[in-house]
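Please look at the sequence and the structure below. A short briefing follows, with bullet points grouped by topic.

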Amino acid sequence: MIGLRASAARRIALISFCAYAVAMLLVAGAVYLATHAAFSRQINLSVEHASAALMAEYRDDGLAGLSRAVAMQHSPGPISLGTAVFAADGRHLAGNLATAAPAPGWHRITFLDPLEGPDTARAKVTLLPGGERLVVAADLEDLQAIDRAILGIFAGAMLVLLGIGVGGALVLARYLRTKLAVIEDTASAIVAGDFARRAPVGHNGDEFDRVAASLNAMLDQITSLIANLRQVSADLAHDLRTPLTGLRNHLERMAAHGGEQVAMALARTDEVLELFEAILRISEVEEGSLRRAFTRLDLAALLGELSETLDLLAEDAGKRLETRWQPGLMVLGDRQLLAQVLINLAENAMRHTPPGAAIEISVLEREGHVVLQVRDNGPGIPEADRARVLRRFVRLESSRSTPGHGLGLSLVAAIADAHGAALTLGDAGPGLIVTLTFPRKSAS
Amino acid sequence: MRWPTPLVSPIRMNILLAEDDPDTRQFVEDALGELGHRVVATASGAQALEWARDSGADILVLDRMLPDMDGIAVLRALRGGGHGLPVLMLTALGRIEDRVDGLDAGADDYLVKPFAISELVARINALTRRTVTVDTGPCFGGIALDLRTRQVTREGRVILLQPREFRLLEELVRAGGGFLTRTMLLERVWDFHFDPQTKIVETHMSRLRSKLNEGFVEDAIETVRGMGYRVRAS
């Protein structure tokens, strides 16, 4: 389950649900208050009217007329009214309202309902000239029932809203996640090296389709820029190689007739040609068409095959080399390119370590992955420089004096990439540890 | 190491050259002519095919792309007629699949343009060299290899070699005194069809040389810059 923090979709859904809930509460409150106030006013008016009518009886016929009227009083309207007349000493003179004599004015009183027992009512008490008191009261039961009904309706609505809100939030979150996951998948595939991958664009022309279309346009642009850049460097190397080889051939013919200077010129020309060769090799590997010729091969056996050559290189360089492998570790790849990786990494380790340094090359299986590792106990590469040394022509200040054109590790990186292998440079404490982790599917 | 005077081949060869680029054609003609070979050049594939069938040439140097007839087609037509003339294919395409195409069609060797003339010469020599080896025991310059027992002797003295050194020496001895370039050795001994830009050939060669030369005055292997390595004739 993705938490709120990790899902913008859920957050949006929750916020919108909360906003609805607050709006609902405000509406419920307003309706309740307005209804309550209107009904209260209605009650007051009824009491007022009844009171006034009875007072008219009193003015016409005195206490006896009032008592008669009170005794006959029944509630004709929608609101049930109770009336009573009390003597100055509090005695109940007439009327159906079973309550004690209250003080004059508006009151909330408790009376005894013959059917339901004690009940509350809103009462107006009028002091008559003779000290008697006329009480007209409206039963509040109706008001309370209306209040309850309103609150009940809104509570029910609230429950329904809660259901719809939670459901809607989940549906919205799921919708957003599904839509965004498609774009996320595309981005991940690109990061993993599948530059041909594009986000599917729907037919609705909605925000998601527009984002996907923009993303695709951006990817097209970037891909074409990268392709251009590669093409330019490859073309440059290729086109310069032809006249340079011509130059080289002329120098060779001149060198045949002697001359140290010509020999030097020939050697320099060879260096430049080698450099172009390396650039073209990297371009070819990066371009990826070599992948079509990949076969299943035993990487451990390849290391075994090359161990004689690697041992000899180490011995020649005055380093101690140890090679270790588990037999039968298959990867999908190109034998020559992987041999190139082994040789480049070995030579790199030998070139950048002091005399007598120990170098270990291993091909082992780790968590289902075939892992090629080259570690040395030399000075290593500072963490900040590790990503940089994989770039073309980058040579660290500390290795300016060692031979090489700074393309060895770039080629390793390109070959690793073509094989879908993850290349990491780490700290062997002390020393450098270079790890190539091949994809799991090719290990089975 | 020394700089060679132009090596005039002991054997004068008749070389057919099918190449449409006039500069390359001229240069190859000159360079091979300087070495004492007779070169007949054409820009036409059909012409090259006709000559290859009738002229009794020693080798055909065939460009992969020709204006009238593709090099591969020329090669197929030639091999289809059962003709065994050695063919060295030239191409501007250096990709693995192109190389395989050429070799599948029956080319004996393959050289990617632009190339060093010395590389071309070494490969022409290697292709036209008569095989002087007995099946199990090639020998040259006092060095004898037994392919079954993997034993190596120089002037009768046994020399112990690692497997890769043995392969290296085997190629040199089989070449019978002809030069093998660094690139050719990478292809044949390590199966590297591109230059891995390492010193593995040099390192192995220096080890092989010191093993072969122990107790001898004469260096068994000759290194000539730009030409390559060869076993010195005794």
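In this predicted model, A:G82 stands opposite A:A137 in strand β5(A). Strands (E, at least two residues) and helices (H or I, at least four) are DSSP runs, numbered from the N terminus. Residues are numbered from 1 along each chain as its sequence is written, and chains are lettered from A in the order in which they are written. Local features need a pLDDT of at least 70, side-chain atom pairs count only at pLDDT 80 or more, and totals for chains, interfaces and linings use all residues, while side-chain values use heavy atoms, without hydrogens and water.

**Sheet of chain A**
- Strands β1 (residues 81-86) and β5 (residues 133-139) of chain A run antiparallel and are joined by six bridges; two strands pair if DSSP finds at least two bridges between them.
- The open sheet has five strands in the order β2-β1-β5-β4-β3 (chain A), with antiparallel pairing.
- Its edge strands, β2 (92-95) and β3 (105-113) of chain A, each pair on one side only.

**Helix α3 of chain A**
- Helix α3 (residues 207-255) of chain A has 49 residues and should span 72 Å at 1.5 Å a residue (times one less than the number of residues); its end C-alpha atoms are 70 Å apart, which agrees.
- A kink of about 30° lies at A:R241 in α3(A), shortly before the proline A:P243; the bend is the angle between axes fitted to the seven residues ending there and the seven starting there.

**Confidence**
- Chain B averages a pLDDT (the predictor's confidence in each residue, from 0 to 100) of 85, and 91% of the residues score at least 70.
- The predictor gives the complex an ipTM of 0.79 and a pTM of 0.64.
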